[in-house]
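Reader: Hey, got a minute to walk me through this one? I'd like to get a feel for the strands first, then the rest.

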Amino acid sequence: MLLFRSEETVDSWCRANGVPRRPLIDLDQLWYMAVTWYGNRLTVESRRPGPDEMVQIFAAIGLEGPFWDPQADQWRSST
Amino acid sequence: MDFDTSVKLKIYETIAETAQAPAAPEVAQALGAPLSDVLAAFNRLHQKRLLVPEPGDPARIRMASPFSGVETPFRVLALGKSYYANCAWDAFGVPAALHADAVIEASDGFSGEPIRLEVKDGAPLPQECISHFAVPAARWWEDILYT
C-alpha cells in the first residue's frame with residue numbers, strides 16, 4: 001500500500017511492476033481505515049476485525065465488492 | 001488478562017514509549033516470564049495476525065502493525081519520537097494508535113518525490129496525495145511484507 005502524488009505516477013508504477021491498476025484511496029478514506037483498525041490497538045480490548053467487520057468497515061467509506069472482501073474466492077489463487 | 005494479551009500490550013507499550021520494537025528476551029524480562037513462554041506467545045500472536053516476526057528470527061518483531069520493527073519509507077514523527085510504519089495505511093495508523101498529532105515523511109511510490117502528510121487534531125490535513133492498494137483483501141496475508 002503505497003502513496004503517490006498523482007494518478008499518473010500510480011499508472012507508471014503499475015506499468016513498471018506489470019500489475020493492473022487497483023483501487024485508489026484518498027486521504028480521508030485512509031484515515032478512516034487507520035482509526036477504525038488501530039484506534040484501540042494499545043488497549044486490552046484491541047483485536048483485529050473479523051472478515052465480516054472488515055467488509056462493513058470498507059463499505060462505510062464506499063469500498064465495496066470482492067476486492068475488499070477477505071473471503072472472496074476469486075482472489076485466492078489468481079491475481 | 002491472559003498471557004498473550006499481556007505480551008501484546010508490553011510490545012505496544014514499549015514501541016509507543018521508545019519507538020523501538022522489543023525482542024522476546026526484553027518482553028520476557030519485563031513480564032518476569034520464561035523466554036520460551038514469550039516465544040510461544042509471539043507465535044500465537046502471529047497466527048492471529050497481530051504480529052509478524054522477523055523472517056528467520058522468531059524472537060524479533062518485523063511488524064506489530066501499524067508499527068514496523070525496521071526502518072521503512074514511511075517515517076512518522078509523533079510525541080517527539082520517530083516511528084516507522086509498514087505502509088501508507090499504517091502511516092496513518094501510528095497517529096491513530098497513539099492518539100497524537102503527527103507528521104509523516106514518505107515518498108511517491110514511483111517517482112520517489114518526497115510526500116509530507118500531517119495529522120492534526122484527529123484528522124489529516126488536505127494534501128495532493130493518494131494511496132494505491134495493489135493487493136486484494138483476500139490475499140493481504142499471502143505475503144504481508146509485500147502487501
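**Strands, a helix and a chain contact**

Author: Sure, and keep in mind that this is a predicted model. Let's begin with β6(B), where the side chains alternate: B:A102, B:I104 and B:A106 point to one face and are buried, while B:V103, B:E105 and B:S107 point to the other and are not.

Reader: Is that alternation a general thing, and what would I expect in a regular strand?

Author: In a regular strand the side chains switch back and forth between the two faces of the sheet.

Reader: OK. What's the strand order in the sheet that has β6 of chain B?

Author: The order is β5-β4-β6-β7-β8 in chain B, an open sheet of 5 strands with antiparallel pairing. At the edges stand β5 (81-84) and β8 (123-124) of chain B, and each has a single partner strand, so one side of each is left without a neighbour in the sheet.

Reader: Does anything pack on it, I mean, which helix?

Author: Helix α4 of chain B, residues 88-98, packs on that sheet. The helix touches β4, β5, β6, β7 (114-120) and β8 of chain B, and its direction makes about 25° with that of β4(B).

Reader: How many bridges between β4 and β6 of chain B?

Author: There are 3 bridges, with β4 (residues 75-78) and β6 (residues 102-107) of chain B pairing in the antiparallel sense. B:L77 sits opposite B:V103 in β6(B), and B:R75 stands opposite B:E105.

Reader: And on the β7 side, what does B:E105 face there?

Author: B:E105 stands opposite B:R116 in β7(B). So that glutamate has an arginine across from it in β4(B) and another in β7(B). β6(B) and β7(B) run antiparallel and are joined by 6 bridges. The two strands form a hairpin with 6 residues between them, and B:G112 in the turn has a positive phi of about 80°.

Reader: Switching to helices. How long is α3 of chain B?

Author: α3(B) covers residues 35-47, which is 13 residues. The helix reaches 19 Å from its first C-alpha to its last, close to the 18 Å expected at 1.5 Å a residue.

Reader: Which of its residues are buried?

Author: In α3(B) they are B:V38, B:A41, B:F42 and B:L45. Looking down the helix axis, these buried residues fall within an arc of 105°, so they line one face of α3(B). The face turned away from that buried side carries the exposed residues B:S36 and B:Q47.

Reader: What covers the buried ones?

Author: The cover on the buried residues of α3(B) includes α1 (3-18), α2 (24-31), β1 (52-54) and β2 (57-64) of chain B.

Reader: And what's the sheet with β1 and β2 of chain B like?

Author: That's an open sheet of 3 strands in the order β1-β2-β3 (chain B), with antiparallel pairing. β1(B) and β2(B) are joined by 3 bridges, and B:P53 stands opposite B:I61 in β2(B).

Reader: Last topic, the two chains. How many residues are in contact?

Author: 38 residues of chain A are in contact with 38 residues of chain B. On the chain A side, the largest share, 8 residues, comes from α2(A). The residues of that side divide into 27 nonpolar, 4 polar and 7 charged.

Reader: Which strands pair across the chains?

Author: β2(A) pairs with β9 (residues 130-132) of chain B, antiparallel, over 2 bridges. The bridge partner of A:L24 in β9(B) is B:H132.

Conventions
Residues are numbered from 1 along each chain as its sequence is written. Chains are lettered from A and ligands numbered from 1 in the order in which they are written. This is a predicted model: local features need pLDDT of at least 70, side-chain atom pairs count only at pLDDT 80 or more; totals for chains, interfaces and linings use all residues. Two strands pair if DSSP finds at least two bridges between them. Helices (H or I, at least four residues) and strands (E, at least two) are DSSP runs, numbered from the N terminus. Two residues are in contact if their C-beta atoms, placed from the backbone, lie within 7 Å. Axes are lines fitted to C-alpha atoms, for helices over the stretch in contact, and angles run from 0 to 180 degrees between N-to-C directions. The expected span of a helix is 1.5 Å times one less than its number of residues. A residue is buried if 20 or more other C-beta atoms lie within 10 Å of its own, exposed if 12 or fewer, and partly exposed in between; C-beta atoms are placed from the backbone. The arc is that of the directions from the helix axis to the C-beta atoms. Ala, Val, Leu, Ile, Met, Phe, Trp, Tyr, Cys and Pro count as nonpolar, Asp, Glu, Lys and Arg as charged, and the others, Gly among them, as polar.
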